[in-house]
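Work through the exercises below with the sequence and the coordinates open beside you. Each task is followed by a solution that proceeds in steps.

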Amino acid sequence: MNKILSVDVRPAVSSDTSSIFAMGVQIFSEESFENYFKYLSKKYRPQYMVAQHNGQVVGFAIYKLYPGRIHLFIVAVHPDWRRKGIGSRMLEMIITKLNLKKPLITMEEVRDGNLGFHLFLRDFRKKIGKSGFIATKVIWGFFEDTGEDAYVFKFFPFMFGN
Ligand SMILES: CC(C)(COP(=O)(O)OP(=O)(O)OC[C@H]1O[C@@H](n2cnc3c(N)ncnc32)[C@H](O)[C@@H]1OP(=O)(O)O)[C@@H](O)C(=O)NCCC(=O)NCCS
């Protein structure tokens, strides 16, 4: 698969909202994304990031930056633009946000059945070598709609003693 070289990853501005929303609805289904989006906005007032290619928003991430740590809620790439390194670019950018030797990043509620995302995190760990996201907890049957388990992932920097 050809990788795109020219992807601009940047903080979202208000004019990106409709693109983020349209993509979120397409990927996660209308009702669940709308509810989650509202819930996140109200409870966390998070930060939004977009990946843009040739003027088009092709991916987004939602996270909350706290002093010394990040809570990552969503990383998503438009189905037409996957497997081109865009998700990895956003993750790299999020990690550099902390600008710390030991960034602490948590991603909660990853569905057991989201194999693509599990493999994506595994690949990211391999790519950056000595650090990466590791599942630290399983919440049995967390998702009421499907009965799936939820995984909690944490980013471990330099876990092999660098
Ligand atoms: C998970 C997701 C963000 C990955 O984005 P992406 O831009 O396609 O990821 P990348 O191109 O950076 O992938 C890097 C590597 O991860 C692995 N990978 C990514 N998606 C994969 C998949 N569906 N199946 C297997 N491996 C996958 C591959 O090793 C890939 O490298 P390769 O293409 O050279 O083989 C994207 O598939 C997505 O938006 N999924 C739906 C939203 C979602 O479920 N988000 C997570 C919960 S919020």
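The exercises that follow concern a predicted model, and they go from the overall fold to single residues.

**Exercise 1. The fold.** Determine how many helices and strands the protein chain has, and in which pattern they follow one another.

*Solution.* Step one is the count, which gives four helices and seven strands. Step two is to read these elements along the sequence, where the pattern is β-α-α-β-β-β-α-β-α-β-β. Step three turns to the contacts: among those in the protein chain with a separation of 6 or more, 58% are accounted for by residues 24 or more positions apart. As a last step, burial is assigned, and of the 162 residues of the protein chain, 23% count as buried.

**Exercise 2. The ligand shell.** Find which residues are the closest to the ligand, which elements supply the shell, and where the shell lies with respect to domain 1 and domain 2.

*Solution.* Begin with the shell itself, in which 19 residues surround the ligand, the closest being Arg82, Gly87, Ser88, Gly116 and Asp123. Next, assign the shell to elements: β4 (69-77), α3 (86-98) and α4 (115-128) each supply at least two residues, and α4 gives the most, with five residues. Sorting the shell by class then yields ten nonpolar, five polar and four charged residues. Finally, consider the domains: since residues of the shell come from both domain 1 (1-100) and domain 2 (102-162), the ligand lies between them.

**Exercise 3. Strand β7.** Establish which strands pair with β7, in which sense, and which of its side chains are buried.

*Solution.* Take the partners one at a time. Strand β5 (residues 104-111) pairs with β7 in the antiparallel sense over four bridges, and within β7 the bridge partner of Arg111 is Ala150. Strand β6 (residues 132-139) also pairs with β7 in the antiparallel sense, over seven bridges, and here Lys137 has Val152 as its bridge partner in β7. The side chains come next: along β7 (residues 150-156) they alternate, so that Tyr151, Phe153 and Phe155 point to one face and are buried, whereas Ala150, Val152, Lys154 and Phe156 point to the other face and are not buried.

**Exercise 4. The surroundings of Ala51.** Decide whether Ala51 is buried or exposed, and list what it touches beyond its neighbours in sequence.

*Solution.* First locate the residue: Ala51 is in strand β2 (residues 47-53). Then apply the burial criterion, for which 20 or more other C-beta atoms within 10 Å are required; Ala51 has 27 such atoms and is therefore buried. Leaving out residues up to four places away in sequence, Ala51 touches Val7, Val9, Val58, Gly59, Ile86, Arg89 and Met90. For one of these, Val9, the C-alpha atom is separated from that of Ala51 by 4.3 Å, although the two residues are 42 residues apart along the chain.

**Exercise 5. Two positive phi values.** Locate Asn54 and Arg83, and decide whether each is buried or exposed.

*Solution.* Treat Asn54 first: its phi is near 50°, a positive value in a residue other than glycine, and its place is in the loop between β2 and β3 (56-66). Asn54 has 9 C-beta neighbours inside 10 Å, and therefore counts as exposed. Arg83, which is not a glycine either, has a positive phi of about 60° and lies in the loop between β4 and α3. Because the exposed class admits 12 or fewer other C-beta atoms within 10 Å, Arg83, with 12, is exposed.

How values were computed. Residues numbered from 1 in each chain as written. Predicted model: local features only at pLDDT ≥ 70, side-chain atom pairs only at ≥ 80, totals over all residues. Near = placed C-beta within 6 Å. Nonpolar A, V, L, I, M, F, W, Y, C, P; charged D, E, K, R; others polar. Domains from an automatic or database assignment. Pairing = 2+ DSSP bridges. Contact = placed C-beta atoms within 7 Å.
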